Amino acid sequence: MNNTTLKKFKDYFAQMEFDNDTILEAIYSKNVVFKDPIHEINGIEKLSEYFKKLNDNLTEGSFQFIDESTIDNKAYLSWEMHLKLKRPNKSVKASGISVLTIEEKIISQRDYFDAGELFYENIPVLGGVIRFLKKKLAD
């Protein structure tokens, strides 16, 4: 496990500033594979484009890392993400887990989170319907 890469990863996402390609290249392998509930991205160039696109809609964002476990070349990080969006103008919070495979750099990242909580519940009309259904199911 490359603990230096893991620390750089956590520092980078503690205050999300996706416009720094130099840091990305220090953290991620050229052929990194990134997956989350909505995307699958292959390669550092595509990942950098994705992060820049996210950054364009943020006024601020951060990850708070709650817990961490490492086994061999894998790191398991639980986190809470806080975003302040430009469009729509609101704050969003979500919890999740990242599983990183690290050699010299990160060769894969798999993020697990509730896409409904992060995205769909924040869409006008649709968000209200989803929150209503979740509440009904909980009763």
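**View 1. Six strands form an open sheet in this predicted model.** Read across the sheet, the strand order is S2-S1-S6-S5-S4-S3, and the pairing is mixed. Strand S2 (40–42) and S3 lie at the edges, where each pairs on one side only. From one strand to the next, the twist averages 20°. As background, the strands of a sheet pair through backbone hydrogen bonds, either parallel or antiparallel.

**View 2. S1 and S6 run parallel within the sheet.** Four bridges join S1 to S6. One residue to look for is Phe34, whose bridge partner in S6 is Gln109.

**View 3. Helix H1 packs on the sheet.** H1 touches S1, S3, S4, S5 and S6. The direction of H1 makes about 150° with that of S3.

**View 4. Helix H3 lies across S1, S2 and S3.** H3 runs at about 60° to S1.

**View 5. The largest nonpolar core has 29 residues.** Phe9, Phe13, Tyr28, Leu47, Phe51, Leu100 and Ile106 touch the most other members. Two or more residues come from each of helix H1 (3–14), helix H2 (21–27), helix H3 (44–56), and strands S1 (28–35), S3 (58–71), S4 (74–85), S5 (90–102) and S6 (106–113). S4 gives the most to this core, with six residues. In soluble globular proteins, nonpolar side chains tend to be buried together.

**View 6. Ile106 is shown with its contacts, leaving aside neighbours within four places in sequence.** Ile106 is in contact with Thr5, Phe9, Ile27, Tyr28, Ser29, Val32, Leu100 and Thr101. Ile106 is also one of the residues that touch the most other members of the core.

Notes. Residues numbered from 1 in each chain as written. Predicted model: local features only at pLDDT ≥ 70, side-chain atom pairs only at ≥ 80, totals over all residues. Heavy atoms only, no water. Core = buried A, V, L, I, M, F, W, Y, C linked by side-chain atoms within 4.5 Å. Buried < 20%, exposed > 50% of the residue type's maximum accessible area, 1.4 Å probe, protein only. Contact = heavy atoms within 4.5 Å. Pairing = 2+ DSSP bridges. Axes fitted to C-alpha atoms, helices over the stretch in contact; angles between N-to-C directions.
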